[in-house]
Amino acid sequence: MKTLIRNPLIVTMNEQDDVIENGAIVIDDNRLSYVGPSAWTPPGHYDKPIDAGRMIAMPGMVNSHCHSPANLVRGMMPSKPLEIWRAYYRASLRDMRDEDFYASALLGGMEMLKNGATTVLDHFAGNQACRFMGAGASIQAMRDLGLRHVVSLTITDKNYGDTIPLGATDYELNDEIKRMSASEAKTTQAWLDECESFIETFHNPKQLTTCCPGPSAVQRCTDELLLGAAEMAANRDLPIHIHLAETKAQAVQGKIIYGHSLLRHLESLGIVGTNLSCAHSIWIEEEDVALFAQHGATPVHNPASNLRLGSGLARVKEFLAAAVNVALGTDGSASNDGQNMFDAVRLTALIHNEAGSDFNQWVAPAQALAMATRNGARAFGLDAGVLATGKLADLVLLRRDTPAFTPLNDPLSQIVFCENGSNVDTVIVNGEIVVQGARLTKVDESEVLRLATTARERLDPAIQRELAAARAMEPALTEMYFRVFDKAPQR
């Protein structure tokens, strides 16, 4: 099938950030066969012409880090440091079943598509009572929506108490630590076997699915598990995704275990390469920036969740100055509370502009949007993120006869600072229209909302019970937080 998109203003997001007035885009099956001036449109028959004379075409965005199970608990988790927050969030997953993971992924996927994201990395951690922790249900939801997805199965083989600098614990707390470990950890070989089976079962790019290993975090995994996951990814030419140095406590624990930074440890194992993406990458050292640049690995910036949990700011300006490939994510809805990539882009272009800093190093609009498009695609080995001949046909049409784009002074800058998703009209993934007239085409939106509401209501008693149990962890985690920062809490 050949589709012609007539006369849009094209924001290509190529390396030169070219913008084409009165352009044309031809889609042949699932690829772009022409992107350029309308006057040079290849002649011939087109099965589906789209009049886009009042629209802006841009690449579909790549949400490079999220957790799909979190969509059912948006708005209910505390704004507290990650280690405290995580005790509550992980507790909320313990009674979720496949149907809940399906509903949650549908809800988040709907939000992403309707706000211009065409690909998502789902660092999936769910309930070990379900096969592959429930990741198969998430994959089915995203296939049903028509959302391209990279699902990275979260694996960890260390006991929870060994992964943070917790200090001495009492008997009651030890019981909860054991529960947390039991809900997350398995033996090394059990995780490697399960991850291999997961990839064998679901990896199918023709169905928009890429599956890969997702070690939870460096300090949460033995070297044997990290090396096994890296070998699995290398043998299959797959990405590998991991949390890295999200909090100061994690960096401190890394020094305790390894004697140097977490990224330096990955490098010593030979794991840092172009297929490695590292969510957060906040509490790193100067030499780590050089390691990212040297090996072509990708840090994934998650500005909203890092602000919400007080984790800190990634060294985005230093990364960009060193020509590091920085990608962008929303993180999960339990720590961001939304899955709108336009929010992430705008935040990235604002929060690094500190007073008194060198304004020549501030994040430019084009850099922020590149993180959400071509950089994310590059991180996962996807031939997308740019509107150019031969690329995958993943793109978004924005209405331009709206306040956000009136007057149209600088399309790229206005996408970053003025667009919030409300002007998304059409979304195409793999050559198929999955949003048209701002509505999903493959799934009933009211049914998505019904499924999510029903799942959340069913889960409520279990969530409340597990959250109450998790409160036993908070005093010790609070003490650890202030100890790590060498501060005393205000009374």
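**Figure 1. A323, an exposed residue with a positive phi.** In this predicted model, A323 has a relative accessible area of 64% and therefore counts as exposed, since the cut-off for that class is over 50%. The residue is placed in the loop between α11 (316-321) and β15 (327-328). Its phi is near 60°, which is a positive value in a residue other than glycine. Most residues other than glycine have a negative phi.

**Figure 2. D486, in the segment after α17 (474-484).** D486 is not a glycine, and yet its phi is positive, at about 55°. With a relative accessible area of 72%, D486 is exposed.

**Figure 3. The whole chain, given as context for the close-up views.** The chain contains 17 helices and 19 strands, and its C-alpha atoms fill a box of roughly 75 × 50 × 50 Å along the principal axes. For 491 residues a compact globule would have a radius of gyration near 23 Å, and the 22 Å of the chain agrees with that expectation. Buried residues make up 60% of the 491 residues. Among contacts with a separation of 6 or more, 77% are accounted for by residues 24 or more positions apart.

**Figure 4. The salt bridge between E15 and R374.** The closest N and O atoms of E15 and R374 are 3.7 Å apart, and the pair is one of the 27 salt bridges that the structure holds. Distant parts of the chain are linked here, because E15 lies in the loop between β2 (9-11) and β3 (19-20) whereas R374 belongs to helix α14 (residues 374-379), 359 residues apart. The two partners fall into opposite classes of accessibility: E15 counts as exposed at 60% relative accessibility, while R374 counts as buried at 15%.

**Figure 5. The salt bridge between E196 and R236.** In this pair the closest N and O atoms are 2.6 Å apart. The salt bridge links distant parts of the chain, with E196 in helix α5 (residues 188-202) and R236 in helix α6 (residues 223-236), 40 residues apart. E196 is partly exposed, at a relative accessible area of 32%, and R236 is also partly exposed, at 28%.

**Figure 6. The salt bridge between R465 and E466, with a separate salt-bridge network.** R465 and E466 form a salt bridge in which the closest N and O atoms are 3.5 Å apart. R465 has a relative accessible area of 48% and is partly exposed, whereas E466 counts as buried at 7% relative accessibility. Elsewhere, D95, R97, D100 and R458 are joined into one network by salt bridges that share partners.

**Figure 7. The packing of helix α2 (residues 98-114) against helix α3 (residues 135-145).** The two helices pack at an angle of about 40°, and their axes are 8 Å apart; the crossing in which α2 passes α3 is right-handed. On the side of α2 the contact is made by D98, F101, Y102, A105, L106, G109, M110 and L113, and on the side of α3 by A137, S138, Q140, A141, D144 and L145. Divided by character, the residues of this contact comprise nine nonpolar, three polar and two charged.

**Figure 8. The surroundings of Q464 in helix α16 (residues 445-470).** Q464 is partly exposed, with a relative accessible area of 38%. When its neighbours within four places in sequence are left aside, Q464 is in contact with M76 and R456. S335 serves as a point of reference for this view: Q464 and S335 are 129 residues apart in sequence, and their C-alpha atoms are 18 Å apart in space.

**Figure 9. R400 and the cis peptide bond between T406 and P407.** R400 lies in the loop between β16 (395-399) and α15 (411-417), and at 15% relative accessibility R400 counts as buried. Not counting residues up to four places away in sequence, R400 touches L9, G53, R54, M55, I56, F405, T406 and L408. T406 is joined to P407 by a cis peptide bond, with omega at about -10°, and P407 is likewise found in the loop between β16 and α15. Most peptide bonds are trans. As a reference for distance, R400 and A321 are 79 residues apart in sequence and 33 Å apart in space, C-alpha to C-alpha.

Methods
Residues are numbered from 1 along each chain as its sequence is written. This is a predicted model: local features need pLDDT of at least 70, side-chain atom pairs count only at pLDDT 80 or more; totals for chains, interfaces and linings use all residues. Side-chain values use heavy atoms; hydrogens and water are left out. A salt bridge is a side-chain nitrogen of Lys or Arg within 4 Å of a carboxyl oxygen of Asp or Glu. Helices (H or I, at least four residues) and strands (E, at least two) are DSSP runs, numbered from the N terminus. Buried means under 20% relative accessible area, exposed over 50%, partly exposed in between (1.4 Å probe, protein chains only). Axes are lines fitted to C-alpha atoms, for helices over the stretch in contact, and angles run from 0 to 180 degrees between N-to-C directions. A crossing is left-handed if the near helix is turned anticlockwise from the far one by less than a right angle, and right-handed if clockwise. Contact means heavy atoms within 4.5 Å. Ala, Val, Leu, Ile, Met, Phe, Trp, Tyr, Cys and Pro count as nonpolar, Asp, Glu, Lys and Arg as charged, and the others, Gly among them, as polar. The radius of gyration is taken over C-alpha atoms; the globule rule is 2.2 Å times the number of residues to the power 0.38.
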